[in-house]
2 protein chains.
Amino acid sequence: MKISEVAELTGLSVSTIRFYEKSGLCPFIQRGADGKRRFSKTDADWLGLLASLRATGMPMSEMRTFADLYASGDATIPKRRATLLAHRQRLAARQAELERCRTILDRKLQKYEEIMKDQT
Amino acid sequence: MKISEVAELTGLSVSTIRFYEKSGLCPFIQRGADGKRRFSKTDADWLGLLASLRATGMPMSEMRTFADLYASGDATIPKRRATLLAHRQRLAARQAELERCRTILDRKLQKYEEIMKDQT
DNA sequence: CGCTTGACCTAAAGCAGCTTCAGGTCGGTA
DNA sequence: TACCGACCTGAAGCTGCTTTAGGTCAAGCG
């Protein structure tokens, strides 16, 4: 698989994938004889997971740690699980905050509507 | 009201409030004779709204436009309403994406659990 | 009275997480 | 053969803050 396909698949940009590799989030991507990156299905899945983690606000430093665990094999699965569990907590908090902000916006919109009604 | 109190109230940091003023998101904050910022209740409410907009991902450029409208008085309320309506759409999309990511994380966690069970 | 402490101030540098740009190498096609 | 498009690299640029360095001033303490 080539980089443009992985970008398409994961929603990450081609630049971001290269940037992630340089940052050590996927240092194991192979190259063809032509020097171009060749992604296995597993690589693509991994990048997809990274995309979800980033989209939900995991800092790169933590993703880096997570990637190091991933690269060390199945023995690190309990640690990875713990990381994801902690992250899920933060995600829930984030979702709650967005919901709170949504009601604030909705209330503000209602106020606008009242003012507009009063003025006609 | 002083800046530390507004920070407490809105959840923004003192630095962020100063930064927002410099960026034109609240250029109308008064100063006391001592040169310190003095915030009215209205100012604090405005910053609270800004905080919600930022927390939900509105870019500063758009907040800037929104702030300019706010500073121009009630006549701009229809435009402000339109801005918030559009933003609410994006917020809904964002919430949907977080939800999607949450199920991905949950599935990954389940896989980890299966692997750990198999290995015992 | 002088001295420190703490809240405020500014301007500028630093940081995270990308994106964009400049410049170069290929393989395929008109 | 000459160009196009996809890939490559390294470096600079961008956004949205945070941190740092350096300064003012009022309050409180020995």
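**Contacts with the DNA strands and the arrangement of the two chains**

In this predicted model, a backbone N or O atom of A:Met60 lies 3.1 Å from a phosphate oxygen of DNA strand C. The elements that contribute two or more residues to the surface near this strand are helix H2 (14–22) of chain A and helix H1 (3–10) of chain B, and H2(A) gives the most, with four residues. In total, 16 residues lie around DNA strand C, of which A:Thr16, A:Arg54, A:Met60, B:Arg18 and B:Arg37 come nearest, so that residues of both chains are represented in this group. Sugar and phosphate make up 89% of the atoms of DNA strand C that come within 4 Å of the protein. Side chains also approach the phosphates of DNA strand C: an N or O atom in the side chain of A:Thr16 is 2.4 Å from a phosphate oxygen, and a polar side-chain atom of A:Arg54 is placed 2.6 Å from a phosphate oxygen of the strand. Sorted by class, the surface near DNA strand C comprises six charged, five polar and five nonpolar residues.

Around DNA strand D there are likewise 16 residues, the closest being A:Ser4, A:Arg18, A:Arg37, B:Thr16 and B:Arg54. Of the atoms of DNA strand D within 4 Å of the protein, 89% belong to sugar or phosphate, and bases supply the rest. In chain A, the side chain of A:Arg18 has an N or O atom 2.4 Å from a phosphate oxygen of DNA strand D, while for A:Ser4 the corresponding distance from a side-chain N or O atom to a phosphate oxygen is 2.7 Å, and for A:Arg37 it is 2.7 Å. Helix H1 (3–10) of chain A and helix H2 (14–22) of chain B each supply at least two residues of the surface near DNA strand D, with H2(B) giving the most, four residues. The class composition of this surface is five nonpolar, five polar and six charged residues.

The two protein chains can be superposed: a turn of 180° with a shift of 0.0 Å along the axis lays chain B on chain A with an RMSD of 0.0 Å, which is the relation of a two-fold axis. Within chain B, the C-alpha nearest this axis belongs to B:Gln95, at 3.6 Å from it. The copies meet through the same surface, because 100% of the interface residues of chain B are also interface residues in chain A.

Helix H1 of chain B, which contributes to the surface near DNA strand C, has a buried side formed by residues that include B:Ile3, B:Val6, B:Ala7 and B:Thr10. These residues cover an arc of only 105° around the axis and therefore lie on the same side of H1(B). The cover over the buried residues includes H2, strand S2 (37–38) and helix H3 (41–55) of chain B, whereas the face turned away from the buried side carries the exposed residues B:Glu8 and B:Leu9. H1(B) is followed by B:Gly11, which has a positive phi near 85°.

A further buried position is found in helix H5 (residues 77–119) of chain B, where B:His87 is located. With a relative accessibility of 0%, B:His87 counts as buried. Apart from neighbours within four places in sequence, B:His87 is in contact with B:Leu53, B:Thr56, B:Gly57 and B:Met58, and, from chain A, with A:Leu105.

How values were computed
Residues numbered from 1 in each chain as written. Chains lettered and ligands numbered in written order. Predicted model: local features only at pLDDT ≥ 70, side-chain atom pairs only at ≥ 80, totals over all residues. Heavy atoms only, no water. Polar contact = N/O pair within 3.5 Å; in protein donor to acceptor, adjacent residues only side chain to side chain. Nonpolar A, V, L, I, M, F, W, Y, C, P; charged D, E, K, R; others polar. Buried < 20%, exposed > 50% of the residue type's maximum accessible area, 1.4 Å probe, protein only. Contact = heavy atoms within 4.5 Å. Least-squares fit on C-alpha atoms with pLDDT ≥ 70 in both. Arc of directions from axis to C-beta.
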